[in-house]
Amino acid sequence: MEEKIFLQRMNYWITKDDEDSDPEYRSLEFHPHAIKTLHDALNIDMMSHDDALSGAGLDGQVNDYYHVEIGDESIVIDWQLANIIKKLNDEGIETYGCDQGGVVPKGEHWEFDKSTYNGTDLVTTRVILNSGDVKYGFICFNMKHESLVIDLFRKGNLEVAAAK
């Protein structure tokens, strides 16, 4: 199985002369089985699942998690991504959200809303994933840090596919 890792443009509706808009963002997207590869490329260990806090019942949080200190804030981060997010922020890359993704377990299905831009409007659709389907993970960051992200992973011999 190929464990894809790539960059995705987030708010692609922004034009060059749109001075009042939010900054443009990128999303590092990855197959959930590639999370170890991301850790290896950054020369860091993955946090232990045994010590993670339970995400069950926490508003907006599904995966088990850690509190990660970023600046003067304590941020809830999915357990498999906690050290990656910490490392990226320590390297000066501002992150703005993440999800470790996953593979739907046998006999289960996942449902969630996904918003995309159709060229005119933001459109929300209901996504249903069945047993064995994959939900890619992601880490969002400011586009001005894209070269930092690429260079950081390249140092660890991991080439990230060109931005879409």
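So, which residues of helix H1, residues 35-42, are buried? They're Ile35, Leu38, His39, Ala41 and Leu42. Bear in mind that what we're looking at is a predicted model.

Look down the axis of H1 and those buried residues fall within an arc of 165°, so they line one face of the helix. If you want the general background, an α-helix has 3.6 residues a turn, so residues three or four places apart point the same way. And what do the buried residues of H1 pack against? Two strands, E1 (5-9) and E2 (25-30), plus two helices, H2 (82-90) and H3 (146-155). Just after H1 you hit Asn43, with a positive phi of about 60°.

Okay, on to strand E10, residues 137-142. Here 5 of the 6 residues are buried, so the rest of the structure largely encloses this strand. E2 runs antiparallel to E10, with 6 bridges joining them, and Phe30 has Gly137 of E10 as its bridge partner. Strand E5, residues 95-99, also pairs with E10 in the antiparallel sense, over 3 bridges. There, Asp99 stands opposite Phe138.

Last stop is Tyr66, which sits in strand E3, residues 65-70. Is Tyr66 buried or exposed? Buried: its relative accessible area is 12%, and the cut-off for buried is under 20%. Its contacts beyond four places in sequence include Met47, Ile75, Trp79 and Ala82. Met47 is 19 residues away in sequence, with 8.6 Å between the C-alphas. For the polar side, a polar atom of the Tyr66 side chain lies 2.5 Å from the backbone oxygen of Ser48, and the Tyr66 side chain also reaches the backbone nitrogen of Ala52 at 3.4 Å.

Notes: Residues numbered from 1 in each chain as written. Predicted model: local features only at pLDDT ≥ 70, side-chain atom pairs only at ≥ 80, totals over all residues. Heavy atoms only, no water. Buried < 20%, exposed > 50% of the residue type's maximum accessible area, 1.4 Å probe, protein only. Helix = DSSP H or I, 4+ residues; strand = E, 2+ residues; numbered from the N terminus. Arc of directions from axis to C-beta. Contact = heavy atoms within 4.5 Å. Pairing = 2+ DSSP bridges. Polar contact = N/O pair within 3.5 Å; in protein donor to acceptor, adjacent residues only side chain to side chain.
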